[in-house]
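Visitor: Please choose one part of this model and take me through it slowly, together with whatever surrounds it.

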Amino acid sequence: MKIAAIGGGVIGGGWVARFILAGHDVAVFDPHPEANRIVTEVMTNASEAWGRLYQSPLPRPGAIVWAGSIAEAVAGADYIQESVPERLDLKHRIIAEIEAAAPPQAIIASSTSGFKPSELREGAVHPERVIVAHPFNPVYLLPVVEVVGGGVAAQKASDILVSVGMKPVQVGREIDAHIGDRLLEAIWREALWLVKDGIATTEEIDDIIRYGFGLRWAQMGLFETYRIAGGEAGMRHFLAQFGPALKWPWTKLMDVPDFNDDLIDLIAGQSDAQSGAHSIRELERIRDSNLIGIFHALKANDWGAGQTVKAMENRFYARHGTMQSDYPLRLHEAHVNGGWVDYNGHMTEFRYLQVLGDATDAFLIHIGLDADYRAGGHSAYTVETHIRHLAEVKAGARLTVETRLFGYDEKRLRLHHAILNEDGETVATGEHMLLHVDTKANRTVAMPRPLMRALDHVNAQENGSLPDHAGAGIRAVRLKETSA
């Protein structure tokens, strides 16, 4: 699949980073003299973020191919992401240039935050393939993308976007500014009034959002949050209790304050006082680090945006497994963030088990025991584990797990993991016995032939002797006799 990106600013650069980090080459055209620098800086932040976001091995990044023209960028492209400034006449001209050089089946997706597909399609030769794919910043981290336009092109685009870790929401009816920006505009308008009228500062408004309902929205959105607010009676009770308040004149959503120099100076001055201690790039890195922590928490609960991270990791595991030729297998990597460290400054005990458990999941995916297989009612349960802690691991460390298959039969498999630091030193080992189970009947059952064949293939590579600690438990310590 060949990807082309027309425009490499904040949004365009984010698109480029996401596609490249997912393993695709991207042909980029942007006449801005600083385009190369801007995209390179976005790529630096995005690469660092993905290394901490995903616990699985990442694919080999694609390459940026800088094109000298739109025609050169889109030649032979399957998917084209347009991210030029929000001027309809400019977008019409760019789409016309794209259509003149791109294959007729290529999808043309616009990042526009406001224009409808019907407006973008005016004058197009193949209007059905021109759609909206509106993301949110940072594109390389936030998964949601509004796909508007319908038809075959919208579905093909959604499939492509899922493959790079995004959460497409196909909007059935077109409307100015789609869905997300209409919601954001409502709170933006009211915030402008609150600042203009001297009710609140930019910092006070941001604090109320980030310390309050913003945390709820990150996991449950708007309606599910209010469903809980209704107590045991749920949404119906909430609507009955708070619905009448909608008639009260609390907001000024239909009015817009005069956007004059005085208001601009007021907001800009307050914003400088609030955040001026950090550069924009520093704020981006702080934002990304916080988002990654939120993603990890949601992933641990298999909830919301965390599910997109988990699904992408599973794709990376599966892809890495099919490319794996060396043995012992290296199917899992991990980054030790600050939240993994205990009061001794070392990686805390249960995180070792997490790394080992994730490595076991990677092996299971490698042999075909993946999410689709589990959905059919069968899985593998760990019934015994022995962990040895051999060396200190501190915050910031990057770990790689080597996996060996020590034995198996039709119902059991015995795995050994060695956790290595960046110097190749073994910092911990884990030995695990797993049973293949029928999850509906809750009993051990024989593995089907495809899994057995996959285990046979792995076993054919296992020709080393078992280490001395294999199969051993904790060494006995005699109780010291006490005097009467």
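Guide: Two strands are said to pair if DSSP finds at least two bridges between them, and helices (H or I, at least four residues) and strands (E, at least two) are DSSP runs, numbered from the N terminus. This is a predicted model, in which local features need pLDDT of at least 70 and side-chain atom pairs count only at pLDDT 80 or more, while totals for chains, interfaces and linings use all residues. Residues are numbered from 1 along each chain as its sequence is written, and side-chain values use heavy atoms, with hydrogens and water left out.

The part to look at is strand β4, residues 79–82. Strand β1 (residues 3–6) runs parallel to β4 and is joined to it by 4 bridges, with A5 standing opposite Q81 of β4. Strand β5 (residues 107–110) is likewise parallel to β4 and joined to it by 4 bridges; here E82 stands opposite S110 of β5. Between β4 and β5 the chain passes through helix α4 (residues 88–101), and this β-α-β crossover is right-handed (with the strands pointing away from the viewer, the path from the first strand over the helix to the second runs clockwise).

Both faces of β4 are covered, since Y79 and Q81 on one side and I80 and E82 on the other are all buried (under 20% relative accessible area, with a 1.4 Å probe and protein chains only).

Y79 leads on to the largest nonpolar core (buried Ala, Val, Leu, Ile, Met, Phe, Trp, Tyr and Cys residues joined through side-chain atoms within 4.5 Å). That core has 42 residues, and Y79 is among those that touch the most other members, together with F19, V26, W50, Y140, L141 and L161. Helix α2 (residues 35–53) gives the most to this core, namely 7 residues. L161, leaving out residues up to four places away in sequence, touches Y79 as well as W15, F19, V145, V147, M166 and P168 (contact means heavy atoms within 4.5 Å). Apart from this core lies another, of 25 residues, which includes A4, V74, L90 and I95.

Helix α2 also holds N45, which counts as buried because its relative accessibility is 7%. Beyond its neighbours within four places in sequence, N45 is in contact with R281, E284, R285 and D288, and also with Y140, another of the residues that touch the most members of the largest core.

Key. Buried means under 20% relative accessible area, exposed over 50%, partly exposed in between (1.4 Å probe, protein chains only).
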